[in-house]
Amino acid sequence: MDQKELREWEARCIQEEPPACRAGCPLNVDARAFVLAMADNDFDAARGVLEKSMPLAAVTARLCEAPCEVFCVRANLGGAIAVGGLERLCIRETRPKGKILRLPARPKKVAVFGSGPSSLTVAFDLAKKGYPISVYHLGVKPGGWLRELPDSFLPQSILDEELERLGTLHVTFVSVPALDATLVQAHEADAVYVGQDDTLAPDLAALLGPPDPDTLALERSGWFTGGMEGREHRFISAVSHGREAAVSMDRFLQNASLTSSRVPLRSGRTALFTRTDGVEPVKRIIPADPVGYNREEGRSEASRCLDCQCLECVRHCAYLAEHGAYPKSYARRVFNNSAIVQGIRQANTFINSCSLCGQCEVLCPNDFSMADMCLDARREMVSLKRMPPSAHWFALEEMRSAKDGQAALIRHAPGTNESVALFFPGCQLSGIRPDQTLKLYERLLELEPRTGIWLDCCAAPAHWAGRAEEFAGLLAGMEKLWAGMGRPKLVTACSTCLKVFSEHRPDFGAVSVWTLLAGEAVAPGAARPALALSDPCTSRHDSATRDAVRCLLDKLGQPLSPLAMSGELTECCGFGGLMDNANPALARKVAEARVAQSDADFLTYCAMCRDQLAKTGKPVLHILDLLFPELARPASEPPAGISLRRVNRRQLKDAVLGRHGLDRGARQPWEDVRLAISAPVAALLEERRILEDDVRQVLYAASRSGRVLRHGTDSRVVAAARLGEVTFWVEYREGEGGFEILKAWSHRMRISGGDL
Amino acid sequence: MSLVFMPEDMDWVCEPCGERLTPGKVELNYLGNVFHVELPVCPKCGFVYLYEDLAMGRVLEVEQLLEDK
C-alpha cells in the first residue's frame, strides 16, 4: 500500500466524519463529546470540550443560539438534544479550566475596532497565536452590545472576568470616543479588523464596502471585517465571522494564501451515517425552572444523545471489534505495517485475521472492503517475502495434502468414458462427511449417469493466503485436468469452491449441487423444530444458491427460524480467509458470536461452517443430514478433527476407486503405525495442529534410525523428526496395542547440524 | 535469548549411544538468525533434546518475533 492508496482507503471510511451537531456548529465545537461528558456527569470534562473550540467560553456558552440543534439526528425521535440549554448548565456549574495558552510572541501587530462578539473573537483567536492585539472600543468597558444584556443572560461580572483573561494574552483595550474612518486609517497595525457588530461611525461604515464572502477580506490589503447584520443568529453568527476573519488575518500576516486548503464551514453537512432503526423516541426534557436545567435534568437530557457513529461494519464483525477501531484507522495500520523498514511489523496478525468474508463491504454506506484491503496486503507481504511462514502454513499443507495422490482423484463414472457433469465435493466436505459425500455422488449419478467425480481442493487457501502465483499455478493445473475430462460442467457442494471457480475459472461452468437438487423431487423429511439457517459467507453474492437451498428445505418440509444476519449479510464461521489459522482464538469468538444469534439449532450447507460452529458446542446440522436421514449425524456431534479429515479423504478416494475395482496403490510406509491416543492428548494435538500422521511419521522414522531418548527410570521414550519446515517431537510409551502417545510438540527453529 | 536451557528432568539416555544427556553448546537458527545456546545433548552423537516447555515457550516466542521482523 502506498500513500495514495492509503488516502483512497481512508477516504472510504466515514467514521471520522463529524457528527451532524459538530458539522452544524460554526465554531466546530465537538457537541457530541460535550453532551456525552454531560451525560456522564463529568461537567468539567464537558467544559473542557467547550473551551477547546469556543472563544471566551463563559460568554459564548451562555449566549450560543445552538444552531447545531437543527441538525441533531435525534430531532425526529423525541426532539433534538438541547445543546444550548446544556451549554448554559455546564458553564454555570463549572469554573474556567485555567490559564489560556498563548503561542510564542509574533512581531506583527493587530488592531481590532469595535468590541462586539466578532471583535472579541478575533482578539481571542489571534492573541492565542501570539499576536499583540489592540482592541478599540466605545464606552468605559469593552463588550459592545453584550453590555446591554440582562444579568439573567450574561452577568456583567462574568464578561469582566473573561475580558480580564483575554487581557492576559497581551490584548490591550483602548477606549475611544468614536469608531470612525480616521481612527482606522491612521492606525499602523499590520492587520486590521472592523467589527460591524458594534456602533461604527457612518464614515467608517461607508468606507468598508462589502468583504469577500469567504475570507471576509476587504478591498484594502490587510483590512478585514465581519459581524454584519442580517444573519440568523445575532450572537453566534458574529462569533463565527470573527473566527473566519481571524483565520484570514493569520494567513495574511504569514503571507499565506487566504483560500488555499481552507476548510469551508460545513453548515451541518457530514457524510457520517448513523443508523436510527430501532431507536426509541425519548422526549426532550423540559426544565422545571424556566431559567434552565438543574444537574439531574441536564444529565437526563444529555443521556438522550445517540452518540452518532457509523460503525456499521464494526457492530457486526467480531474481527473489526476485536482490534478496537474502525476501517479508516485500520487502513493506517496496514500502511504502517507495509512502510516499516526496521523493527516489528505489528499488524501482520491483524492483516491475516480477516476472514475476507465481505460483510463489511455490504454493510458500509461507502463499500469499504476490509477483504480487498487485507488480501492486497497479504499479496504484498508474500511478494516481498515478508509473510510470516507460520501464518497460513497448516491450511496450505492441508490444501496440498488434499491435492496429492493420496486423496485427489478425477474419474468418469464407473462404466462410462465421458462426463457431462463433474461432481466436485470440495476437500472439506470429503474430509468431514465422506459417507454423505459418496451418497450425494450416488444421487447425482441417478440424475445423470455420466457424472464424473473430482476429489481435489479448489486452491482457495492459496488465494486467501495471498499466494497469487501459487494460486494461479494450481488453477492452471486444474484446468488441464478438467480439459482432460472433456470440459464437463462442474457441480460443487461447497460455496467456497463455487465462488473460486465462478470468479477465477468461469469456463468451468460451475453450478451448486443444491441448485441442481432443488429442481428435482425430494421426499419430505421427518418433522423437526425450526432451524436457524446460516449461509456460508462465500454465498454472500450468490443468491441463486441461497434460494435453491431454501427451496430444497421447503420441499423437505424443514421450517426455518429467523436469523438476522443472513443472505447477503451473512457472517463467517471463523474459517474463511484462513482466520482460524492466523488467529484461532479470534475464530472461536467469531463462531461463538454467530451461534449466539439464535436459540434454535443451526443448519448450514458448508461442511466447514458446520464444524466451526459446532466447535462452540452449539448443535449444528449440515443439509446432507436432512437430505439423507439414513446417514444423518447428530447435530451435537463434535467436529471432525484435523487428523480424521486426512484419513477420511484417503478413505473416500479408496471407496470411489473400489467402485471401479481399483486400488489407491502403494500406501505410505508409516500409515500402518498404530497409535493409542487418549482424548486429552487428542485435544492437545488438535490445538497444536499436530496430525496423527505426523506422529506416525516421527515414530516410523525413529524405528528406522533407532535413535530415541529413553527415560532413565520410567518407560517414556522421546523421538523427533523434521517433516518439511517443522520439527515434531513425540513422547510415548511402547505397548502391545501400539504406541501410547503422551504428548507431542513442534518448532520451526532449526538445530544447526542437528541430524534428526 | 539467555544462554542455558535445561529441563527439570535430565534423566534421559540417548539410544543407541547409551549416554545420559548433558549440557552442550548448540546453534539454533531461524529465518537467517543464529542463536548460540546450551541445551541437553548426547555427549557422544550430539543429538539435541529440544524439550516441550522450551519449544512451546521461549522458542515459539522467538520464532513469532522473527517472523514479524
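The following paragraphs describe helix packing, aromatic contacts and the second chain in a predicted model.

Helix packing in chain A is considered first for α15(A), which spans residues 327–339 and is approached by α1(A), residues 3–12, with the two axes coming within 8 Å and crossing at roughly 165°. Because angles over 145 degrees count as roughly antiparallel, α1(A) is classed as roughly antiparallel to α15(A). The residues that make this contact are Gln3(A), Leu6(A), Trp9(A) and Glu10(A) on α1(A), together with Lys328(A), Ala331(A), Arg332(A) and Phe335(A) on α15(A). The crossing of α1(A) past α15(A) is right-handed.

Helix α15(A) also packs with α18(A), residues 370–383, at an angle of about 5° and with the axes 11 Å apart. This angle makes α15(A) roughly parallel to α18(A). On the side of α15(A), the contact involves Pro327(A), Tyr330(A), Ala331(A), Val334(A) and Ser338(A), whereas α18(A) contributes Met370(A), Met373(A), Ala377(A) and Glu380(A). Ala331(A) is thus listed in the contact with α1(A) and in the contact with α18(A).

With regard to aromatic contacts, a search of the whole structure yields 20 aromatic pairs over all chains. One of these is formed by Phe423(A) and Tyr441(A), whose rings are stacked, with 6.1 Å from centre to centre and 15° between the planes. Since Phe423(A) belongs to strand β7 (residues 421–424) of chain A and Tyr441(A) to helix α21 (residues 434–447) of chain A, the pair ties together parts that are 18 residues apart in sequence. Phe423(A) is buried, its relative accessible area being 0%, and Tyr441(A) is likewise buried, with a value of 4%. Ring pairs also link residues of chains A and B into a cluster that consists of Trp729(A), Trp745(A), Trp12(B), Phe47(B), Tyr49(B) and Tyr51(B).

Charged side chains are also placed over aromatic rings in chain A. Arg295(A) lies over the face of Phe43(A), at 3.9 Å from the ring centre, and Arg333(A) is positioned over the face of Phe350(A), at 5.8 Å from the ring centre.

Chain B contains one helix and four strands, which follow the pattern β-β-β-β-α when read along the sequence. Taken along the principal axes, the C-alpha atoms of chain B fill a box of roughly 40 × 20 × 20 Å. Of the 69 residues in chain B, 46% are buried. Among the contacts in chain B between residues at least 6 apart in sequence, 44% join residues at least 24 apart.

Key: Residues are numbered from 1 along each chain as its sequence is written. Chains are lettered from A and ligands numbered from 1 in the order in which they are written. This is a predicted model: local features need pLDDT of at least 70, side-chain atom pairs count only at pLDDT 80 or more; totals for chains, interfaces and linings use all residues. Side-chain values use heavy atoms; hydrogens and water are left out. Rings of Phe, Tyr and Trp (its six-membered ring) pair if their centres lie within 6.5 Å; planes under 30 degrees apart count as stacked, over 60 as edge-to-face and the rest as tilted. Helices (H or I, at least four residues) and strands (E, at least two) are DSSP runs, numbered from the N terminus. Buried means under 20% relative accessible area, exposed over 50%, partly exposed in between (1.4 Å probe, protein chains only). A charge sits over a ring if NZ of Lys or CZ of Arg is within 6 Å of the ring centre and within 35 degrees of the ring normal. Axes are lines fitted to C-alpha atoms, for helices over the stretch in contact, and angles run from 0 to 180 degrees between N-to-C directions. Angles under 35 degrees count as roughly parallel, over 145 as roughly antiparallel, 65 to 115 as roughly perpendicular and the rest as oblique. A crossing is left-handed if the near helix is turned anticlockwise from the far one by less than a right angle, and right-handed if clockwise. Contact means heavy atoms within 4.5 Å.
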